[in-house]
Amino acid sequence: SQLSTVFNVGISTLGTTLFLSLVILAMNRFIQEKLYAEIEAAEKERILQIPILQRFIAEVLRILPPNPIVSRRVTKDVVIDGILFPKDTEFTIPLCAFCHDSRVFPEPASFCIDRPNLLNNPNLIPFLVGLRDCPGKQMVYRVLLFVISEMVRNYRIVAISPLNDYQ
C-alpha cells in the first residue's frame with residue numbers, strides 16, 4: 001500500500017513538473033538553447049551532473065512546488081516561543097510561501113536559473129526535509145534530469161499559440 005502511494009505520488013509529481021518544464025521551455029527559447037548546448041557538450045554519463053540542468057529543475061520546482069501546502073499534527077503538547085500548542089493541534093504549512101519569499105528569491109514570480117544559491121537554498125524544499133521528506137525524491141529528481149535532458153536534446157519545444165494568452 002505504501003509503495004503504491006509513493007509510486008502514484010511520484011508519477012503525479014513527474015507529470016506536473018514535466019508539463020511546467022515544457023511550458024517554460026516553450027516560453028523561453030534562450031534557456032532552451034543554453035540547456036541544449038550544455039547537454040550536447042556533456043558525455044552521456046554526466047547528464048545528471050550538468051549544473052544548468054540542475055538549476056533549471058530547481059527553478060521549476062521553486063515556481064511550482066509539487067506539494068505547495070502540507071499539514072502536520074502535533075502528537076503531544078508543545079511549547080514554542082512561550083506559546084502552547086496542545087496535542088492534536090494541526091498546522092498547515094504553505095511551502096510555496098517559502099519558495100516565493102521576495103527576501104530570499106528577488107522577483108519571485110520570474111523564472112531565473114541564475115539565482116544565487118538556488119541549488120543549496122534551505123528555503124527551497126519542494127520535497128520537504130527531515131523525517132517526513134518524500135521517500136521518492138531522489139528517484140523523481142533523477143527521472144526529471146534524464147527526461148528533460150532527452151526532450152531538450154531531441155526536440156525543439158515551441159508553443160503552437162502565443163503563451164501570453166494563458167497568463
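Here are some short exercises on this predicted model, each with a worked solution.

A word on the ground rules: residues are numbered from 1 along each chain as its sequence is written. Since this is a predicted model, local features need pLDDT of at least 70 and side-chain atom pairs count only at pLDDT 80 or more, while totals for chains, interfaces and linings use all residues, and side-chain values use heavy atoms, with hydrogens and water left out.

**Exercise 1. Get your bearings**

Work out how many helices and strands the chain has, and what pattern they follow along the sequence.

*Solution.* Start with the definition: helices (H or I, at least four residues) and strands (E, at least two) are DSSP runs, numbered from the N terminus. Counted that way, the chain has five helices and four strands. Next, read along the sequence, and you get α-α-α-β-β-β-β-α-α.

**Exercise 2. Check the confidence**

Find where in the chain the confidence is lowest and where it is highest.

*Solution.* The score to look at is pLDDT, the predictor's confidence in each residue, from 0 to 100. First, take the whole chain: the average is 82, and 81% of the residues score at least 70. Then go element by element. Helix H1 (residues 2-27) is lowest, with a mean of 78, and strand E3 (residues 83-85) is highest, at 95.

**Exercise 3. Look inside**

Say which residues of the largest nonpolar core touch the most other members, and which helix gives the largest share.

*Solution.* Begin with what buried means: under 20% relative accessible area, with exposed over 50% and partly exposed in between (1.4 Å probe, protein chains only). Of the chain's 167 residues, 34% count as buried. A nonpolar core is a set of buried Ala, Val, Leu, Ile, Met, Phe, Trp, Tyr and Cys residues joined through side-chain atoms within 4.5 Å. In soluble globular proteins, nonpolar side chains tend to be buried together.

Now to the core itself. It has 25 residues, and Leu 25, Leu 35, Leu 53, Phe 56, Ile 57 and Ile 148 touch the most other members. H1, helix H2 (29-41), helix H3 (51-63) and helix H5 (137-154) each supply at least two residues. The largest share, seven residues, comes from H3.

Finish by zooming in on Leu 53. Contact means heavy atoms within 4.5 Å. Setting aside neighbours within four places in sequence, Leu 53 is in contact with Leu 35, Ile 47, Leu 145, Ile 148 and Ser 149.

**Exercise 4. Cross the helices**

Describe how H5 packs with H3, and then with H2.

*Solution.* Two packed helices are described by the angle between their axes and the distance between the axes. The axes are lines fitted to C-alpha atoms, for helices over the stretch in contact, and angles run from 0 to 180 degrees between N-to-C directions.

Take H3 and H5 to begin with. Their angle is about 115° and their axes are 10 Å apart, so they are roughly perpendicular to each other. (Angles under 35 degrees count as roughly parallel, over 145 as roughly antiparallel, 65 to 115 as roughly perpendicular and the rest as oblique.) On the H3 side, the contact is made by Leu 53, Gln 54, Phe 56 and Ile 57; on the H5 side, by Tyr 141, Leu 144, Leu 145, Ile 148 and Ser 149.

Then do H2 and H5. Here the angle is about 100° and the axes are 9 Å apart, so this pair is roughly perpendicular too. Gln 32, Leu 35, Tyr 36, Ile 39 and Glu 40 in H2 meet Ser 149, Val 152 and Arg 153 in H5.

**Exercise 5. Two polar residues**

Decide whether Ser 21 and Gln 32 are buried or exposed, and list what each one touches.

*Solution.* Ser 21 lies in helix H1. Its relative accessible area is 0%, so it is buried. Not counting residues up to four places away in sequence, Ser 21 touches Phe 56, Val 60 and Ile 148.

Gln 32 sits in helix H2. At 7% relative accessibility, Gln 32 counts as buried. With the sequence neighbours up to four places away left out, Gln 32 touches Leu 25, Ala 26, Val 152, Tyr 155, Arg 156 and Ile 157.

**Exercise 6. Positive phi**

Locate Asp 88 and Glu 107, and give the phi of each.

*Solution.* Asp 88 is in the loop between E3 and strand E4 (90-93). Its phi is positive, about 75°, although it is not a glycine. With a relative accessible area of 47%, Asp 88 is partly exposed.

Glu 107 is in the loop between helix H4 (95-99) and H5. Its phi is near 50°, again positive in a residue other than glycine. Glu 107 counts as exposed, at 61% relative accessibility.
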